[in-house]
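Thanks for sharing this one. Here are a few friendly notes on its charged side chains, to read alongside the model.

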Amino acid sequence: MAMLLRRVWETMSSRTCSTGDSSARPSCTTESSSLGAFDQIPWDVLIQIVILIGPKEAAKLCVVSKSWRALVSDNRLWIFFLQHQQEPWDSIFFGETTLGSGYPYQTLVTGLSFMHIYGQRAQVPGSVIIDGGSGYCKFGWSKYDCPSGRTATFLEFGNIESPMYSRLRHFFATIYSRMQVKPSTQPIVVSIPICHYDDTENAKASRRQLKDCFQQVLFDLNVPAVCAINQATLALYAAKRTSGIVVNIGFQVTSVVPILHGKVMRKVGVEVMGLGALKLTGYLRLLMQQNNINFGSLYTVRTLKEKLCYVAADYKAELSKDTQASLEIAGEGWFTLSKERFQTGEILFQPRMADVRTMGLDQAVALCMDHCHYAELSGDDAWFKTVILTGGSACLPGLAERLEKELRGLLPSSISNGIRVIPPYGADTAWFGAKLVGNLSTFPGAWCATKKQFRQKSRFNIMWRSSLPYLEDDAH
């Protein structure tokens, strides 16, 4: 490849303009715009040759001549290089074209230079990502393929009383200590839990106070820039969308969150079921006890839930099938489950099986869709017909298919046509959404707040909040 570059430099002394087909490459009108001895090679072939030398060497060709600069700037070349990055190309394309300018979104498909995007992404240092889920907190670097660690979440995020600051500070300090990194070295993308679900002024104030507390703690730890986004929106980003309904099966509750253009539609209504992962695990434990299956701890039951349980497409039909399966757990031996495997997940659709007085998951999502339809927030109903599942228990096999089937049976065809339920991207969906943001070529840019900006905004809000109620930022 070095020989190719030397050949390019050598031929510049005797370069001449091409007289070939103008559609094959950009027109060349001066000697300084020639490709030299490479003029006779078709443009597509030259791109393939440049691909072989790699992005760093390809970038150096920009200084040779105008024609080489035009060749090396060809988007097809840099799209190829981006497609061979660790991060999936569809995520890169979605992020750069939809999220690149920050919020509110601006579609940037036309006029994008993927050569510039490649260069900027290579220079982005990466960020710390902390996704404090209701059950487990996932943390790591945006440049990593997956979270580098996880720990049990020991905060009651919904509690915004005075102890919150000290508990949050201890929480973040613990995560930074485990990552062995100084808070002052990198910006952070942190997820804000969905809580205070109502659209009342009190709920808005509580959400503002919670977000402000997150930012205040992080800035007091000397974090240079903070990007705080709610978990449901991050789950949408992971699915490469900015609108849809996010179903988050959390530790204690399941929330059904409608989001339009990145903003939570609280006026439409966030549905909440008093049933989460803890209840699923508890119900499996009850079934095992009833069937005289002995176990050592709740951790064993949770492992069996994660490894053996699933959601039946047709519950009654599944009862007559042989569904026995076994799993060996280190230190405890073999466990064999049968009907317990699908009875556990069935309580999401029939909560009364577990003596839980709440609507089923299909009913909650259908109700949310019905509200979205009649709210007429957009000229196109398609925005709420995509359902994104998130949360560890949302990974139960068969859940997406069953929910989609039930929704089609509950809703009229005018609403149900076009419904699609997307399975979660593992148990770390929100973390992957944060990773997408943290790796943008424009990050931190418009996505982050600095300590100075935070203090200025806080003073402004204190002065004007009573007269400007719209200051609440529900998008992030």
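1. Which side chain does Lys321 meet in a salt bridge? The partner is Glu318, at 3.4 Å from N to O. Please keep in mind that this is a predicted model. Lys321 is partly exposed, with a relative accessible area of 46%, whereas Glu318 is buried at 10%.

2. The count of salt bridges comes to 14. A pair you may like to look at is Arg121 and Glu96, whose side chains meet at 2.7 Å, N to O. Arg121 belongs to helix H7 (residues 114–123) and Glu96 to helix H6 (residues 89–99), so this salt bridge ties together parts that are 25 residues apart in sequence.

3. Both ends of that pair deserve a look for accessibility. Arg121 has a relative accessibility of 11% and counts as buried. Glu96 counts as buried too, at 3%. The cut-off behind both labels is under 20% relative accessible area.

4. Next, please turn to Asp428 and Arg150, whose side chains form a salt bridge of 3.1 Å, N to O. Asp428 sits in the loop between strand S13 (420–422) and helix H18 (429–438), while Arg150 is in strand S3 (residues 149–152), so the pair ties together parts that are 278 residues apart in sequence. Asp428 counts as buried, with 10% relative accessibility, but Arg150 counts as partly exposed, at 44%.

5. Finally, a group to view together: a network of salt bridges links Asp44, Asp74 and Arg76.

Methods
Residues are numbered from 1 along each chain as its sequence is written. This is a predicted model: local features need pLDDT of at least 70, side-chain atom pairs count only at pLDDT 80 or more; totals for chains, interfaces and linings use all residues. Side-chain values use heavy atoms; hydrogens and water are left out. A salt bridge is a side-chain nitrogen of Lys or Arg within 4 Å of a carboxyl oxygen of Asp or Glu. Helices (H or I, at least four residues) and strands (E, at least two) are DSSP runs, numbered from the N terminus. Buried means under 20% relative accessible area, exposed over 50%, partly exposed in between (1.4 Å probe, protein chains only).
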